[in-house]
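User: I am new to reading protein models and would like a close look at one salt bridge and its surroundings. Could you walk me through it slowly, and then show me how it fits into the rest of the chain?

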Amino acid sequence: MSKYGFIGTGNMGGALARAVAKTVDGEDIFLTNRTRKKAEVLAAELDCQVCDNVIVAAACDYVFLGVKPQMMAGLFSEIAPALTKRQERVILVTMAAGLTMETICRMAGGDYPVIRLMPNTPAAIGEGMILYAANDLVTESELAEFLDAMSPAGRFDRLDEKLIDAGSAVCGCGPAYAYMMIEALADGGVACGLPRAKAVEYAAQMMAGAAKMVLETGKHPGELKDAVCSPGGSTIAGVRALENGGFRAAAINAVAAACEKNKELGKAK
Ligand SMILES: NC(=O)c1ccc[n+]([C@@H]2O[C@H](COP(=O)([O-])OP(=O)(O)OC[C@H]3O[C@@H](n4cnc5c(N)ncnc54)[C@H](OP(=O)(O)O)[C@@H]3O)[C@@H](O)[C@H]2O)c1
């Protein structure tokens, strides 16, 4: 069985480790984190192992790099010697915003097989939208094994690496925009007299249901919107208010700004 090692068990590394623990035996999962206690708490929950960065780099088949992009160079200065000494194959799995697979190899000091993921936080509950790319050194059978192990994290889509910054601006950053929308709609409900807890529940379930309608019917979101708007009715009055507030332009600009920032972060390395 392949061994899966997670360096950095924060929001994203922890979410992906949780997903892998649904398909892989705990004895083949190794966690490490700068603040060791965080890895220990997760390892107790998932019934897997805690070790250190160098052991993960020396012994695991898939090494997940779950640290912030600006920490990556420092991490590689610690683990690159262990990677270099290895006789067996190792696949590096990066989820760092803005860092290309080429940059990861340069930091690692060698031509390694690399899988680049762009996950989002709903992966923690199996509802992630996870984009991925792989360099030429990853075989199709390794990729298939990897996707099998990761499948409980949510929906996966292979994307040309050139488009990962754009995809990430929609689905990696997008949960923040969706939460703002839920919060704002709930504020509207409270302004109209709803108790806060009910307003949040209604807004969140409505967003989840509307999202499922798009995915399951395959209909254009504009068509689904039109079906809610009766002539002269209350929904079209709300749509008009959103348009007056520049809602569409704000959403488009949010994604474009996030995409630009991803590119900047990548250039800084
Ligand atoms: N959050 C998202 O929605 C999201 C989406 C897509 C991609 N990502 C990517 O996921 C990566 C992690 O982000 P995050 O949001 O999960 O950040 P995070 O919650 O801050 O997690 C990073 C973890 O790395 C640990 N760490 C830092 N340096 C380390 C080292 N040298 N050795 C071992 N562990 C170390 C930190 O330990 P401490 O406990 O000591 O701080 C922390 O637990 C980033 O590259 C980010 O670009 C995140």
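Analyst: Happy to! Let's start with a pair of side chains: arginine 116 and aspartate 165 meet in a salt bridge, with 3.8 Å from N to O. The two partners come from distant parts of the chain, 49 residues apart. Arginine 116 sits in strand β6, which covers residues 114-118, while aspartate 165 belongs to helix α7, residues 164-172. Please keep in mind throughout that this is a predicted model.

Is arginine 116 buried or exposed? With a relative accessible area of 2%, arginine 116 counts as buried, because the cut-off for buried is under 20%. Its partner falls in the same class by that cut-off: aspartate 165 is buried, at 14%.

Which residues are linked with this pair in a network of salt bridges? The network consists of Arg116, Glu161 and Asp165. When you look at the structure, try to find these three residues together.

Now let's set this beside other salt bridges. A search of the whole structure finds 13 of them. One of the others joins arginine 158 and glutamate 140, at 3.5 Å from N to O. Here too the pair links distant parts of the chain, with their positions 18 residues apart in the numbering: arginine 158 is in strand β8 (residues 154-158), and glutamate 140 is in helix α6 (residues 140-150). The surroundings read differently, though. Arginine 158 is partly exposed at 40% relative accessibility, and glutamate 140 is exposed at 54%.

A further salt bridge brings together the side chains of arginine 86 and glutamate 88, at 3.4 Å from N to O. This pair mixes two classes: arginine 86 counts as buried, with 11% relative accessibility, whereas glutamate 88 is partly exposed, with 46%.

With those pairs in mind, let's step back to the whole chain. There are 269 residues, and 40% of them count as buried. The chain contains twelve helices and eight strands, and its C-alpha trace spans about 70 × 40 × 30 Å along the principal axes. Of the contacts with a separation of 6 or more, 63% are between residues 24 or more positions apart.

The chain is divided into domain 1, residues 4-162, and domain 2, residues 172-267. The C-alpha centres of the two domains lie 32 Å apart. How many residues of each domain are in contact with the other? Seven residues of domain 1 touch six residues of domain 2. Together the domains bury about 530 Å² between them, and 60% of that area is on carbon and sulfur atoms. The side of domain 1 that touches domain 2 is made up of three nonpolar, three polar and one charged residues. Salt bridges do not appear here: the rule finds zero of them across the interface of domain 1 and domain 2. The count of residue pairs in polar contact between the domains, with both residues at pLDDT 80 or more, is also zero.

Let's finish with a few single residues, for practice in reading the model. Threonine 32 lies in strand β2, which covers residues 29-32. It is a good one to compare with arginine 116, since threonine 32 is buried, with a relative accessible area of 2%. Leaving aside residues up to four places away in sequence, threonine 32 touches several others, among them Phe6, Ile7, Cys51, Asp52 and Val56.

Glycine 74 gives you another setting. It is found in helix α4, residues 72-85, and is partly exposed, with a relative accessible area of 45%. Its C-alpha atom is separated by 24 Å from that of glycine 172, which is 98 residues away along the chain.

Finally, turn to aspartate 47, in the loop between α2 (36-46) and β3 (49-50). Aspartate 47 is exposed, with a relative accessible area of 62%. What is its phi near? The phi of aspartate 47 is near 55°, a positive value in a residue other than glycine. That is worth a second look, because most residues other than glycine have a negative phi.

Note on methods
Residues numbered from 1 in each chain as written. Heavy atoms only, no water. Domains from an automatic or database assignment. Contact = heavy atoms within 4.5 Å. Buried area = accessible area lost by both parts, 1.4 Å probe. Salt bridge = Lys/Arg side-chain N within 4 Å of Asp/Glu carboxyl O. Polar contact = N/O pair within 3.5 Å; in protein donor to acceptor, adjacent residues only side chain to side chain. Nonpolar A, V, L, I, M, F, W, Y, C, P; charged D, E, K, R; others polar. Helix = DSSP H or I, 4+ residues; strand = E, 2+ residues; numbered from the N terminus. Buried < 20%, exposed > 50% of the residue type's maximum accessible area, 1.4 Å probe, protein only.
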